[in-house]
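Take a walk through this model with me. We begin at the ligand and then turn to the strands.

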Amino acid sequence: MTTIPRDGKLDSSLSLLREGNHFIPRRCQRLRSDIFQTRLLFEPTLCLHGEAAARLFYDQSRFTREGAAPGMLKKTLFGEGGVQGLDGEAHRIRKQLFMSLMTAANIRELAELATEEWRVAIDAWQRRDQVVFFHAVQEIHLRAACRWADLPLCEAEVVKHCADIAAMIDGAGGGVGWRYWRARRARIRSEAWIGDLVERIRAGRLEVDKERALSRVCWHQDADGQLLDTQTAAVEVLNLIRPTVAIARYVTFAALALHEHPEWRQSLPTDAALLDAFVQEVRRYYSFFPFLAARVRADFTWQGYHFPRGTRVLLDLFGTNRDPRSWREPDTFQGDRFLREAANAYNFIPQGGDEHATHHRCPGEWFTEALIKVAIEQLLTRMRYRVPSQALDIDWSRTPIIPTSRFVIDQVQALPYGQADPTTGEMQES
Ligand code: HEM
């Protein structure tokens with residue numbers, strides 16, 4: 001048996017909080033190993049990195065998700081009782097609910113709704129001195145997602161609900177500081193909001209489209225043939241709405257990439273293959289979900305290393321997406337990288353890996369790609385804007401990452417369809 005390299009400290013929780021995305025890849029590099037052992041919250045933990053490790057991590061005969069995610073994440077990002085923590089048949093049935101909503105027609109419809117919301121937003125931005133792009137796109141996505149799900153959204157409460165959903169996402173890496181407490185309160189409020197809708201629908205006091213997501217979750221029968229309890233239904237509705245709002249992060253990074261690499265602006269609107277490649281590179285380079293957690297089902301040995309039953313295991317997403325064995329010059333943004341380099345379900349894992357239907361891989365990848373594309377089209381062909389001088393740096397150790405300034409734009413002008421020139425869409429700073 002080979003000894004698993006050890007990260008020397010008594011407990012590394014503070015280092016994990018401080019280093020975020022870099023925590024696992026740095027140690028793997030230093031220890032020259034795709035696996036190391038450490039202690040997090042005083043619990044022995046194995047950390048895995050790279051394509052081969054991702055293949056292992058998704059072997060469901062070896063790992064379970066039950067009891068793997070830290071309680072703090074359940075109280076903020078995921079919620080209790082959601083699909084993320086299920087295994088086996090219970091997971092398969094619940095996952096089917098999500099997968100059945102990801103039809104081509106539904107993806108197209110969300111993109112169309114988002115396009116409409118962009119149009120309204122760009123119009124309004126023309127009258128504003130400045131727009132904090134990240135916040136504004138979160139609102140666009142919330143409005144589009146709620147219309148798509150047929151979830152009633154009271155106009156007076158859009159800002160409040162958007163702030164709560166954004167807080168849940170932002171709180172994911174905040175330790176037990178104020179970001180965590182803000183996220184926890186936001187989840188309680190959001191679950192109460194959605195839970196009330198679920199109860200009204202079930203009691204026949206609120207009518208919604210039966211084919212759409214809100215109703216589908218309300219009437220979903222779980223593996224035991226029962227409806228979800230109100231709180232779990234609220235968690236699963238939020239599992240659709242919250243990550244759609246989270247896509248605003250990728251959209252902000254796409255805008256940043258267009259700003260920092262203007263050479264792509266000209267060809268993207270007319271070259272579908274390049275647009276696909278560019279979107280994937282945004283998801284790879286700006287991957288913002290640092291790692292995943294699982295537990296060892298039963299003792300086994302992998303590459304000579306012993307994995308004891310019950311041990312918590314973390315899979316490095318950020319570092320695997322930047323592993324030089326899979327990617328050439330991985331720490332550079334190359335808009336056309338995916339036209340040349342081969343991605344697979346284990347080396348490109350910004351939203352998890354393996355199969356969507358049978359594993360925990362994110363069912364929202366098609367939504368994500370579609371909404372980033374909508375945003376790029378808007379930025380390049382529907383508006384003119386300026387990126388004033390600001391702090392565009394990214395603190396890569398913050399979880400989740402975001403440009404310090406949240407990407408501010410000004411002097412926005414809406415452009416009629418077909419009249420835009422993407423090379424001049426973003427104006428030079430005066
Ligand atoms: C910003 C874009 C997104 C990112 C970075 C992201 C990331 C992830 C990651 C890393 C996982 C875990 C995969 C695993 O455990 O193996 C996941 C799972 C999940 N995502 Fe996403 N996601 C995004 C968008 C979406 C969207 C748009 C939806 C829904 C419309 C969605 C719904 C879910 C659900 C329900 C799961 C749990 C799946 C399961 O446990 O089987 N995500 N996502």
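Which element gives the most residues to the shell around the ligand? Helix H11 does, with eight residues. Keep in mind that this is a predicted model.

Look at that shell as a whole. It holds 24 residues. The closest to the ligand are Pro243, Gly352, His360, Cys362 and Gly364. Three helices each give two or more residues to the shell: H5 (88-101), H11 (230-260) and H15 (365-382). By type, 13 residues of the shell are nonpolar, eight are polar and three are charged.

Now follow H11 along its length. This helix has 31 residues. From its first C-alpha to its last, H11 reaches 46 Å. That is close to the 45 Å expected at 1.5 Å a residue. Still, H11 has a kink of about 30°, and the kink is centred on Leu238. How many of the residues of H11 are buried? The count is 26 of the 31, so H11 is largely enclosed by the rest of the structure. A residue counts as buried here if 20 or more other C-beta atoms lie within 10 Å of its own.

Next come the strands. Start with E9, residues 383-386. Which residues make up its covered face, and which its uncovered one? Met383 and Tyr385 are on the covered face. Arg384 and Arg386 are on the uncovered face.

E9 has pairings to two strands. With E10 (residues 408-414), E9 pairs in the antiparallel sense, over three bridges. There, Arg384 stands opposite Gln413 of E10. With E11 (residues 426-427), E9 runs parallel, and two bridges join them. Here Arg386 stands opposite Met427 of E11. Both of these arginines, Arg384 and Arg386, belong to the uncovered face of E9.

Finally, turn to an open sheet. Five strands form it, in the order E1-E2-E8-E5-E3, and the pairing is mixed. Why is one side of E1 and of E3 left without a neighbour in the sheet? E1 (35-40) and E3 (63-64) stand at the edges, and each has a single partner strand, so one side of each has no neighbour there. Within the sheet order, E8 is followed by E5. E5 (residues 291-296) and E8 (residues 312-316) run antiparallel, joined by five bridges. To find this pairing, look for Leu292: its bridge partner in E8 is Leu315.

Definitions and conventions: Residues numbered from 1 in each chain as written. Predicted model: local features only at pLDDT ≥ 70, side-chain atom pairs only at ≥ 80, totals over all residues. Near = placed C-beta within 6 Å. Helix = DSSP H or I, 4+ residues; strand = E, 2+ residues; numbered from the N terminus. Nonpolar A, V, L, I, M, F, W, Y, C, P; charged D, E, K, R; others polar. Expected span 1.5 Å × (residues − 1). Bend = angle between axes of the 7 residues up to and from the residue. Buried ≥ 20, exposed ≤ 12 C-beta atoms within 10 Å, placed from the backbone. Pairing = 2+ DSSP bridges.
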